[in-house]
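These are my notes on the structure, set out point by point. Please read them against the sequence and coordinates shown here.

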Amino acid sequence: MKKNLSNETHLRMRDKLSSEDGKLIYKLQSQTIETIFGIIKADIGFRGFRLRGFKKMAGEWELSV
């Protein structure tokens, strides 16, 4: 399904990702960041925070790892 990109932010991001530099940056991000999230979800079994607020979330994170 193709979305109508009329929002200025969406148009800028589309242009950024279609450039060679944008493609390299996005590829690097998928190799570094996505791997970390995969490890957190698969190995640790952590899917999301139940509490809100930075201090509460930090405490919950400490209990989960």
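1. Aromatic pairs. The model is a predicted one. In it, the count of aromatic pairs comes to two. One of them joins F46 and F49, with ring centres 4.9 Å apart and 70° between the planes, which is an edge-to-face arrangement. The other joins F46 and W61: here the centres are 5.2 Å apart and the planes stand at 90°, so this pair is edge-to-face as well. An angle over 60 degrees is what the edge-to-face label requires.

2. What the second pair connects. F46 sits in the loop between helix 2 (20-44) and helix 3 (54-64), while W61 belongs to helix 3, so their contact ties together parts that are 15 residues apart in sequence. F49 is also placed in the loop between helix 2 and helix 3. F46, F49 and W61 make up one aromatic cluster. As a backbone check on this cluster, the C-alpha atoms of F49 and W61 are 7.9 Å apart, with these positions 12 residues apart along the chain.

3. Exposure within the cluster. Which of the classes, buried or exposed, applies to F46? F46 has a relative accessible area of 12% and is therefore buried, the limit for that class being under 20%. F49, at 30% relative accessibility, counts as partly exposed. W61 is also partly exposed, with a value of 26%. F46, the residue found in the F49 pair and in the W61 pair, is thus the buried member of the cluster.

4. Geometry of helix 2. The 25 residues of helix 2 should span 36 Å at 1.5 Å a residue, and the C-alpha atoms at its ends are 35 Å apart, so the two values agree. The helix nevertheless has a bend of about 30° at S30. Just after helix 2, G45 adopts a positive phi of about 80°. The next point of interest along the chain is F46, in the loop that leads to helix 3.

5. Salt bridges. How many salt bridges are there? The count comes to two. R14 pairs with D15, the closest N and O atoms being 4.0 Å apart. K23 pairs with E20, and there the closest N and O atoms are 3.9 Å apart. The cut-off is within 4 Å, and a reader who applies another limit should look at the 4.0 Å of R14 and D15 and the 3.9 Å of K23 and E20.

6. Setting of the salt bridges. K23 and E20 are three residues apart in helix 2, so about one helical turn separates them. E20 counts as exposed because its relative accessibility is 57%, whereas K23, at 45%, is partly exposed. In the other bridge, R14 has a relative accessibility of 45% and is partly exposed. D15 falls in the partly exposed class too, at 47%.

7. Surface of helix 1 and beyond. M13 lies in helix 1 (residues 8-18) and is partly exposed, at 41% relative accessibility. M13, L17 and Y26 form a nonpolar patch on the surface, and together they have about 280 Å² of accessible area. K16 is likewise placed in helix 1 and counts as exposed, with 53% relative accessibility. The C-alpha atoms of K16 and K41 are separated by 29 Å, and these two residues are 25 apart along the chain.

Methods
Residues numbered from 1 in each chain as written. Predicted model: local features only at pLDDT ≥ 70, side-chain atom pairs only at ≥ 80, totals over all residues. Heavy atoms only, no water. Patch = residues over 30% accessible without salt bridge, like charges linked within 9 Å, V, L, I, M, F, W, Y side chains within 5 Å. Areas by Shrake-Rupley, 256 points an atom, 1.4 Å probe, with all protein chains shown as cover. Salt bridge = Lys/Arg side-chain N within 4 Å of Asp/Glu carboxyl O. Helix = DSSP H or I, 4+ residues; strand = E, 2+ residues; numbered from the N terminus. Buried < 20%, exposed > 50% of the residue type's maximum accessible area, 1.4 Å probe, protein only. Phe/Tyr/Trp six-rings, centres within 6.5 Å; stacked < 30°, edge-to-face > 60°. Expected span 1.5 Å × (residues − 1). Bend = angle between axes of the 7 residues up to and from the residue.
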